[in-house]
Every structure is written in C-alpha cells, then in structure tokens.
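Please report on this protein model. Cover its sheets, its pockets and a few individual residues.

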Amino acid sequence: MSDFEQDWKQWHADREASYGDPLGWVSLTGLYWLTDEFETVADLPGRWKANADSVTVEGFDGVTALNPVEGAPGILVEDGDRRIEVIRRTGSVALRVHDPRAQTLQSYDGIPAYEPNEKFLATGTFTPYDSPVTVTTGAVVEGLEHHHSAVGTLDFELAGTAQRLIAFGGTGNGLKVLFTDATSGVTTYPAARILAVPAPVDGTVVLDFNRASNLPCAFTDYATCPVAPAENRLTVAVEAGEKNPR
C-alpha cells in the first residue's frame, strides 16, 4: 500500500471515529426552536424561553441564564447522560439533544467513501482578495443564513477542465471550500461537501478531493449546516471523498 493510500485510510478512520462519538453529531435526537414565552421542551427538564439577548430557564437545577453566540458552537448543559446544546442561528435560539442511547448512534456503521485515487489530487493557484469578502449562503434549515469570510479564489484543473472555487478562511493559515459537483444528490450529499486546503505556498495550493468531507447535516436532520455558494458548483463529477451516508 502506498503512503498516499495509507495516509488516506488513517484520515478516513479518524473521521469515522469522530462521528461515532457517544455525544457527537450522530447522537442527536432533536432540534427545538425556542420562543419568547416559557415552555416545556420535549422531555427536557425545566421550562425555556429566549430573546435576542439570552436564554432563560426555570425549574432546572443549576441552569438559569445562558448566552449562546450567533453561529458558534453551542453551550452544553448536562442532563444525566445526555447533553443539551443551546445554539443561536440567524438570531433564533434552538436546543439540540445529544443522547448516547440514540438509535441513530446504535445503527451507525461508518462513512461510505470512494477509494482513494490520485487523479483527484489537483495543484492550483490561490489569488487572494484585497480584503475578505462576506459571502452569504442558505442553510439546510429553511430561513437560516450563514455568513462566510471569503479570502480569495482557487484556480485549478480537474478531469481536464479548468475550475474555480471561492475559498474561505480555514484552520490556521489554511483554507476551506464548500462545493457541489456532478455527484451531488446522486452518490454524495446534495447540499455541500467541505474540503480543507493546506496554506498556500508561494501562491500554490494542493486540493486533495479524496478528503472531501460530509458536513454534519449529512448524518442528522438536526444540524443547521450551510449549503455551498452558487459560485462553487463544479461541473465535473468528483468521484472521490465521502459519499452520502443516508
């Protein structure tokens, strides 16, 4: 087995393990939007309400007020073995429930993926914008928006065809792209896949589409992931990376 294949298999195993976390994305059992009136939510303790500033809870020991940040990871509240995640999205607040006994977690058996193929490695050019540009996309939940900081464009060739993607800021000095392609909605998740791109070196980038990854919404109906921007619809079939798990 080549180093390329071995590295991919380790990456894939790590991805599968992360989604199998007992309190991770596959353990979600509900997404509940709060209003500005106190109400009981499903079988959760206490009563909850939210406004533009904060979340107020009554009748739940140790929990009275929470301040989730727009678009950020949620605040986790313990409820026995479960975790209640309090999130704010497009101004509204919702509760997500992570349950290690979730049926979806019990039936989780990994992430389907294409076999690694070096023809889906592309070398390209990064052209930075003079300053970051905000790109707004929709979400898999109707009515929500995501606001991304786009930092430049990536030009490369794939399957003999010139392609361009808008790149967002990623981890460290790296980049990330949300994209769809001719496999989207066929063998891969329709809304988007995400690809981390290492930091450019002298303007050159390497895109390894074998590591095109599903977003959490591919696994659960209770995520609020973005869809790909219209500009990032590749014309070719990227038969690489993760397939639709559902």
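The report below goes from sheets to pockets and then to single residues.

## Basis of the model

This is a predicted model, in which local features need pLDDT of at least 70 and side-chain atom pairs count only at pLDDT 80 or more, while totals for chains, interfaces and linings use all residues. Residues are numbered from 1 along each chain as its sequence is written, and side-chain values use heavy atoms, with hydrogens and water left out.

Helices (H or I, at least four residues) and strands (E, at least two) are DSSP runs, numbered from the N terminus. Two strands pair if DSSP finds at least two bridges between them.

## The seven-strand sheet

An open sheet holds 7 strands in the order β13-β8-β9-β10-β11-β12-β14. Its pairing is antiparallel. At the edges stand β13 (204–208) and β14 (213–214), each paired on one side only. Strands of a sheet pair through backbone hydrogen bonds, either parallel or antiparallel.

Strand β11 (175–179) pairs with β10 and with β12. Strand β10 (residues 161–169) runs antiparallel to β11, and 2 bridges join them. F168 has K176 of β11 as its bridge partner, and G169 stands opposite L175. The two strands form a hairpin with 5 residues between them. In that turn, G172 has a positive phi of about 60 degrees. Towards β12 (193–197), β11 pairs in the antiparallel sense over 5 bridges. Here L178 stands opposite I194. In β11, 4 of the 5 residues are buried, so the strand is largely enclosed by the rest of the structure. Buried means under 20% relative accessible area, exposed over 50%, and partly exposed in between (1.4 Å probe, protein chains only).

## The three-strand sheet

A further open sheet has 3 strands, ordered β2-β3-β4, with antiparallel pairing. Both β2 (47–50) and β4 (65–66) are edge strands with a single partner, so one side of each is left without a neighbour in the sheet. Over 4 bridges, β2 pairs with β3 (residues 55–58) in the antiparallel sense. K49 has T56 of β3 as its bridge partner.

## Pockets

Pockets are sought on a 1 Å grid over the protein atoms alone: a pocket is an open set of points with protein on both sides within 12 Å along at least five of seven lines, whereas a cavity is a set where a 1.4 Å probe fits but cannot get out. Lining residues have an atom within 4 Å of a point. Grid points are joined across faces, edges and corners, and a volume is the space filled by probe spheres set on the points.

The largest pocket encloses about 720 Å³ of space. Its lining has 27 residues, and G71, R89, H146, C225 and P226 lie nearest its centre. At least two lining residues come from each of β6, β7 (92–98), β9 (145–158) and β11. Strand β9 gives the most, with 4 residues. The lining divides into 12 nonpolar, 9 polar and 6 charged residues. Ala, Val, Leu, Ile, Met, Phe, Trp, Tyr, Cys and Pro count as nonpolar, Asp, Glu, Lys and Arg as charged, and the others, Gly among them, as polar.

The second largest pocket holds about 260 Å³. It is lined by 14 residues, and V26, T104, F219, P245 and R246 are the closest to its centre. By class, this lining has 7 nonpolar, 4 polar and 3 charged residues.

## R83 and S184

R83 sits in strand β6 (residues 82–89). Contact means heavy atoms within 4.5 Å. Not counting residues up to four places away in sequence, R83 touches L23, L76, V77, E78, R96, V97 and H98. A polar atom of its side chain lies 3.2 Å from the backbone oxygen of G80. The C-alpha atoms of R83 and L28 are separated by 9.4 Å, with the two residues 55 apart along the chain.

S184 lies in the loop between β11 and β12. Its side chain reaches the backbone nitrogen of D181 at 2.9 Å. A polar contact is a pair of N or O atoms within 3.5 Å; within protein, one must be able to donate a hydrogen and the other to accept it, and residues adjacent in sequence count only if both atoms are side-chain atoms. S184 also touches Y189 and P190, not counting residues up to four places away in sequence.

## Positive phi outside glycine

Most residues other than glycine have a negative phi. A42 has a positive value, near 45 degrees. A42 is placed in the loop between β1 (28–33) and β2, and at 47% relative accessibility counts as partly exposed.

D202 also has a positive phi, near 50 degrees. D202 is found in the loop between β12 and β13. With a relative accessible area of 80%, D202 is exposed.
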